Amino acid sequence: MAPFTSQELRKGFASFATGVTVITCVDEEQNPHGITISSFNTVSLEPPLILWSLKKHSRFMPWVEVGKKHLIHVLERSQESLAMHFATVKVNQFDQIGHQRTDSGLTQIKDCVAYYECETVSVHTGGDHNIIVAKVIQLKNHPEKEPLIFASSKFVGLDFSKAKSS
């Protein structure tokens with residue numbers, strides 16, 4: 001163990017494999033917005049809580065504050081281009097992207113592994129990020145699909161054919 005630079009820490013963090021999500025929400029005029037997030041994590045089954053983090057000064061913060069709803073999409077192995085698309089700010093983000101509006105007014109991207117409709121219950125400061133804790137309100141899961149994984153600064157998949165069932 002030794003002291004480190006922020007670049008070395010970033011490389012160290014990259015060794016931790018994580019799923020890739022896109023989070024969609026709406027602004028005050030009900031316009032849809034999306035952002036790629038790999039900091040998604042489960043918190044609790046009862047009540048059903050998840051967490052994810054967002055840069056403190058992100059333009060998204062007003063749209064995911066306490067009481068606001070958002071939709072978490074677990075990306076499928078073939079959706080690398082979606083992860084890259086929503087990783088940068090764009091005008092008309094959903095043009096050319098297969099999507100639909102949910103009954104609650106959120107934008108749902110098609111063909112993902114899982115969807116979690118959530119409502120933010122708390123926001124905590126964590127360094128240069130905010131940690132958003134949200135209650136899962138609705139769930140849709142497609143366990144037959146393989147998730148997109150990000151590890152060592154690359155997109156990868158999992159080979160479920162060799163996995164042992166427990």
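This report covers the strand pairings, nonpolar cores, surface patch and salt bridge of a predicted model.

## Nonpolar cores

The largest nonpolar core has 21 residues, and those that touch the most other members are Ile50, Trp52, Leu54, Val64, Ile72, Tyr116 and Cys118. Six elements each contribute two or more residues to this core: strand S2 (21-26), strand S3 (32-37), strand S5 (49-55), strand S6 (69-74), strand S9 (114-126) and strand S10 (129-141). A second core lies apart from the largest one and has 15 residues, including Ala83, Phe94, Leu106 and Cys112. As a general background, nonpolar side chains in soluble globular proteins tend to be buried together.

Leaving out residues up to four places away in sequence, Ile50 is in contact with Phe40, Asn41, Thr42, Val43, Ile72, Cys118, Ile132, Val133, Ala134 and Val136. Among these contacts of Ile50 are Ile72 and Cys118, both of which are also listed with the residues that touch the most other core members.

## Strand S5 and its partners

S5 is largely enclosed by the rest of the structure, because five of its seven residues are buried. A residue counts as buried here when its relative accessible area is under 20%.

S5 pairs with strand S4 (residues 41-44) in the antiparallel sense, through three bridges. Within this pairing, Asn41 has Leu51 of S5 as its bridge partner. The connection from S4 to S5 is a hairpin of four residues. S5 also runs antiparallel to S10, and seven bridges join these two strands. In that pairing, Leu49 is opposite Lys135 of S10.

## The S2-S3 hairpin

S2 and S3 are antiparallel and share six bridges. One of the residue pairs is Thr24 with Gly34, the latter being in S3. Five residues separate the two strands of this hairpin, and Gln30 in the turn has a positive phi of about 70°. S2 and S3 are also among the elements that give two or more residues to the largest nonpolar core.

## The three-strand open sheet

Strands S1, S11 and S12 form an open sheet in the order S1-S11-S12, with antiparallel pairing. Strand S1 (18-19) and strand S12 (154-156) are the edge strands, each pairing on one side only.

Between strand S11 (residues 149-151) and S12 there are three bridges, and the two strands run antiparallel. Phe150 has Phe155 of S12 as its bridge partner.

## Surface patch

Which residues form a nonpolar patch on the surface? Phe4, Leu9 and Phe13 do, and their accessible area together is about 330 Å². Phe4 lies in the segment before helix H1 (6-14). Phe4 is classed as exposed because its relative accessible area is 54%, and the cut-off for that class is over 50%.

## Salt bridge

The count of salt bridges in the model comes to one. Arg77 and Glu80 form a salt bridge in which the closest N and O atoms are 2.7 Å apart; the criterion is a separation within 4 Å.

Are the two partners buried, exposed or partly exposed? Arg77 is partly exposed, with a relative accessible area of 28%. Glu80 is likewise partly exposed, at 31%.

How values were computed. Residues numbered from 1 in each chain as written. Predicted model: local features only at pLDDT ≥ 70, side-chain atom pairs only at ≥ 80, totals over all residues. Heavy atoms only, no water. Patch = residues over 30% accessible without salt bridge, like charges linked within 9 Å, V, L, I, M, F, W, Y side chains within 5 Å. Areas by Shrake-Rupley, 256 points an atom, 1.4 Å probe, with all protein chains shown as cover. Salt bridge = Lys/Arg side-chain N within 4 Å of Asp/Glu carboxyl O. Buried < 20%, exposed > 50% of the residue type's maximum accessible area, 1.4 Å probe, protein only. Core = buried A, V, L, I, M, F, W, Y, C linked by side-chain atoms within 4.5 Å. Contact = heavy atoms within 4.5 Å. Pairing = 2+ DSSP bridges.
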